[in-house]
Amino acid sequence: MSRGSRIIGYGTALPDRVITNHDLAQTLDTSDTWITERTGIKERRIGGTTRALGIEAARKALEMAGVEAKDLDGVILATTTPDRVIPATASSVQLELGARCGAFDLNAACSGFVYGLNVAHGLILAGADQILLVGSETLSRFVDWEDRATAVLFGDGAGAVVLSATDAADNALLGWALDCKGEMEKSLHCDFGGFIHMDGREVFRQAVRIMVETCDRALAAAGLRTSDVALVIPHQANIRIIQSACEKLGIAEDRTVQVLSWTGNTSSASIPLALADAADSGRLAAGDIALMVGFGAGMTSASALLRWSL
């Protein structure tokens with residue numbers, strides 16, 4: 001039988017602590033107006049560990065899917081902020097959940113969740129039946145809270161999905177594109193023991209172009225047009241980047257999902273957080289086609305067209 005994959009459950013986790021723009025303005029030369037106009041961010045959640053947030057989101061996804069951890073064939077943790085260098089944080093997630101399967105971290109920065117979606121799909125095509133994919137980040141540990149260029153941007157959180165094998169006729173992943181432009185890696189980086197450094201103007205300029213390119217490639221691979229897409233679920237980095245890219249793609253802003261106003265940039269957790277928000281709010285219905293697109297340090301990019309099945 002030809003195989004495919006589909007999402008059968010999802011879950012999210014966010015820390016309790018909220019830091020608003022007004023809070024940051026008490027210690028930085030900034031203001032709520034300055035931050036909001038340039039990024040679209042009003043507040044962000046801070047705290048927890050990559051492991052703990054990932055486990056919480058994973059448990060919710062497994063419960064919705066009606067899947068027990070012992071029946072998983074793989075655990076993929078997309079993260080750019082593991083709790084330690086060795087071993088992979090995915091092993092801690094696997095242990096706490098009670099899974100008995102392969103588990104590994106995947107670091108493609110803010111493109112990580114879509115990279116992981118493609119990897120999970122590939123594992124299912126190779127014979128796996130159920131894969132847990134988690135995007136979990138604790139970026140606040142790597143932020144210099146005295147640097148207003150980066151302190152206003154990042155937050156912590158996690159999102160998870162369970163992918164299950166299905167007949168090829170019901171396959172949900174319709175098309176995809178992955179890329180990396182290593183020559184741009186210095187525009188956004190963090191060394192061991194250091195803080196996140198970013199060339200904001202260069203990242204903005206490249207991100208818009210890269211988003212458009214990867215979306216065009218995924219649409220071509222799927223044989224679809226932007227008019228076939230019900231919702232665009234972009235990486236939640238900056239409202240201006242999202243608006244500029246969608247304008248170039250010919251997609252109205254009201255067809256995008258935006259949660260960055262209250263989550264900030266959560267890297268590989270941002271797309272699953274936005275996906276869950278769209279599903280929970282009724283903006284994403286069974287049969288709808290969603291275009292997920294990520295871009296991030298590396299400079300990585302990834303897009304996937306997914307037919308929603310819940």
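Here is a short walk through this structure, which is a predicted model.

Let's begin with a pair of neighbouring strands. Strands pair in a sheet through hydrogen bonds of the backbone, in either a parallel or an antiparallel way. Strand 4, covering residues 74–78, and strand 5, covering residues 102–106, take the parallel option, with 5 bridges between them. If you would like a place to start looking, find L77: its bridge partner in strand 5 is D105. Helix 4 (residues 89–97) belongs to this picture too, since strand 4, helix 4 and strand 5 together make a right-handed β-α-β unit.

Next, please move along to helix 5, which spans residues 112–125 and holds H121. Is H121 buried or exposed? Its relative accessible area is 10%, and the cut-off for a buried residue is under 20%, so H121 counts as buried. Setting aside residues up to four places away in sequence, H121 touches G4, S5, N171 and L173. With S5 there is also a polar contact, made side chain to side chain at 2.7 Å.

Helix 5 turns up again when we visit helix 10, residues 270–280. This helix is mostly covered, with 9 of its 11 residues buried. Among those buried residues are S270, I271, P272 and L273. What lies over them? The cover includes helix 5, along with strand 1 (3–13), strand 7 (156–167), strand 11 (231–234) and strand 12 (289–296). After helix 10 comes G282, a residue with a positive phi, near 85°.

Two of those covering strands, strand 11 and strand 12, lead us to the next stop. They belong to an open sheet of 4 strands, arranged in the order 8-13-12-11 and with mixed pairing. Strand 8 (173–180) and strand 11 are the edges, each pairing on one side only. From one strand to the next, the twist averages 10°.

Within this sheet, have a look at strand 12 and strand 13 (residues 300–307), which pair in the antiparallel sense over 8 bridges. Here F295 stands opposite S301 of strand 13. As you follow a regular strand, expect side chains to alternate between the two faces of the sheet.

Our last stop is helix 7, residues 200–222. Which strands does helix 7 lie across? The helix lies across strand 8, strand 11, strand 12 and strand 13, and it runs at about 145° to strand 8.

How values were computed:
Residues are numbered from 1 along each chain as its sequence is written. This is a predicted model: local features need pLDDT of at least 70, side-chain atom pairs count only at pLDDT 80 or more; totals for chains, interfaces and linings use all residues. Side-chain values use heavy atoms; hydrogens and water are left out. Two strands pair if DSSP finds at least two bridges between them. Helices (H or I, at least four residues) and strands (E, at least two) are DSSP runs, numbered from the N terminus. A crossover is right-handed if, with the strands pointing away from the viewer, the path from the first strand over the helix to the second runs clockwise. Buried means under 20% relative accessible area, exposed over 50%, partly exposed in between (1.4 Å probe, protein chains only). A polar contact is a pair of N or O atoms within 3.5 Å; within protein, one must be able to donate a hydrogen and the other to accept it, and residues adjacent in sequence count only if both atoms are side-chain atoms. Contact means heavy atoms within 4.5 Å. Axes are lines fitted to C-alpha atoms, for helices over the stretch in contact, and angles run from 0 to 180 degrees between N-to-C directions.
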